[in-house]
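Hi,

Here is the structure I promised to send over. Have a look at it first, and then read on for what I found in it.

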Amino acid sequence: MQKSSMSRPVRPALYAPLLVLGSMLSIAIGASTAKGIFPLLGPAGTAFVRVGVAAIVLLALWRPWRATLSRQQAVPIVTYGIILGILNLTFYEAMARLPIGIAIAIEFLGPLSIAFYMSRGRLDILWASLALIGVVLLLPLTSLQRSIDPVGIGFALMSAAAWGCYIVVGKKAGTSIHPGYATAIGTTVGFLSIAPFGALTAWQTEWTSSLIFTAIAIGVLSSAIPFSLEMVALKHLDSKTFGILLSLEPALGALAAFLMLSEKISIIQCLAISCVVTASIGATATSRASSKDSLVDEASAP
């Protein structure tokens with residue numbers, strides 16, 4: 001007698017994309033939740049608390065003090081941590097001035113630039129042009145786009161540059177010692193590096209039980225859950241598929257902000273985000289095998 005199809009185990013290839021989707025949704029919800037407490041903590045204070053919670057979780061999970069670091073190993077990890085702190089701080093400053101979907105779309109120029117540099121395929125000109133069109137559509141060059149804060153765009157571009165550096169330096173840091181140790185130490189360094197910008201605000205804030213719970217939730221949603229889901233998904237997905245799925249993050253960020261914060265964006269802004277998402281999907285789908293694997297392992301924004 002044959003076993004019923006209902007009893008067959010679900011193939012990893014079927015649920016792995018759902019895990020990546022869950023990871024991105026968690027990050028999007030975490031971003032919207034963080035923006036919701038900007039009036040209380042400000043973007044710098046929120047980034048400080050968010051990275052601090054992530055550091056505590058990662059330190060408890062990996063216990064990196066068991067590792068012995070040489071000077072040669074410590075330098076890339078400390079550099080990685082400082083970049084990680086800058087990445088979080090500038091992204092939250094961008095989110096404070098821009099719709100979340102737009103901030104994420106501009107931030108995606110970081111990994112896209114790295115992908116274009118490493119691939120150099122013929123189609124990359126098309127994808128780069130499409131990404132450039134998306135950014136131009138976001139710039140406050142016409143009366144329809146005057147609502148876009150140029151300072152916010154500046155912070156988003158700084159975040160994009162930090163994400164690009166994060167990919168390059170993070171790869172070196174993750175190969176010097178166990179990746180879990182490197183992430184935990186790097187996140188702690190990132191927390192300390194942005195303390196001058198957010199510690200005072202966090203200290204002066206009146207902490208209610210609700211705010212404490214929200215701060216913990218932001219750290220868990222933005223770090224613990226995505227990290228766990230992606231670690232499982234990457235065991236069953238090739239880098240190209242993972243990168244294509246990851247390219248949907250700006251759209252999911254915009255959707256979460258609309259549902260949670262009633263944050264609306266114009267048709268032109270939707271078109272701009274679509275251009276960046278399409279360019280990211282295209283660049284990933286047509287990337288060379290030699291370059292794609294070097295990017296996706298560190299492609300997720302922290």
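Let's start with Ser223, which counts as buried because its relative accessible area is 16%, under the 20% cut-off. This serine is found in helix 10. Leaving aside neighbours within four places in sequence, Ser223 is in contact with Arg50 and Ala54.

Before you go further: this is a predicted model, so the confidence deserves a word. The protein averages a pLDDT of 85, and 87% of the residues score at least 70. Helix 9 (residues 195-204) has the highest confidence, at 95, while helix 14 (residues 289-296) has the lowest, at a mean of 43. Over residues 289-299 pLDDT stays under 50, and for that stretch the model has 25 contacts beyond four places in sequence. Where pLDDT is low, the predicted coordinates should not be read in detail.

Now the overall picture. You will find 14 helices and zero strands in the protein. Of its 302 residues, 50% are buried. If you take the contacts between residues at least 6 apart in sequence, 89% of them join residues at least 24 apart. The protein exposes about 14,700 Å², with carbon and sulfur atoms supplying 69% of that area.

Another residue to click on is Thr205, in the loop between helix 9 and helix 10 (209-233). Is Thr205 buried or exposed? With a relative accessibility of 13%, Thr205 counts as buried. Beyond its neighbours within four places in sequence, Thr205 is in contact with Leu40, Leu41 and Leu211.

Helix 6 (residues 124-138) is a good one to turn around on screen. At 1.5 Å a residue, its 15 residues should span 21 Å, and the end C-alpha atoms are indeed 21 Å apart, so the two agree. Which residues of helix 6 are buried? They are Asp124, Trp127, Leu130, Ala131, Gly134, Val135 and Leu138. These residues cover an arc of only 135° around the axis, which means that they sit on the same side of helix 6. The spacing fits a general rule: an α-helix has 3.6 residues a turn, so residues three or four places apart point the same way. On the face turned away from the buried side, helix 6 carries the exposed residues Ile125 and Leu132.

Helix 8 (residues 179-193) also has 15 residues, and reaches 20 Å from its first C-alpha to its last, close to the 21 Å expected at 1.5 Å a residue. Its buried residues are Gly180, Tyr181, Ala182, Thr183, Ala184, Ile185, Gly186, Thr187, Val189 and Gly190. What do the buried residues of helix 8 pack against? Their partners are helix 2 (38-62), helix 3 (71-95) and helix 7 (150-176).

Finally, the cysteines. How many disulfides are there, if the sulfur atoms of a pair have to lie within 2.5 Å? The count comes to zero. As for two cysteines you may want to look at, Cys270 counts as partly exposed because its relative accessibility is 36%, whereas Cys275, at 10%, counts as buried.

Happy to go through any of this with you.

Best wishes

Notes
Residues numbered from 1 in each chain as written. Predicted model: local features only at pLDDT ≥ 70, side-chain atom pairs only at ≥ 80, totals over all residues. Heavy atoms only, no water. Helix = DSSP H or I, 4+ residues; strand = E, 2+ residues; numbered from the N terminus. Expected span 1.5 Å × (residues − 1). Buried < 20%, exposed > 50% of the residue type's maximum accessible area, 1.4 Å probe, protein only. Arc of directions from axis to C-beta. Disulfide = S-S within 2.5 Å. pLDDT = per-residue confidence, 0-100. Contact = heavy atoms within 4.5 Å. Areas by Shrake-Rupley, 256 points an atom, 1.4 Å probe, with all protein chains shown as cover.
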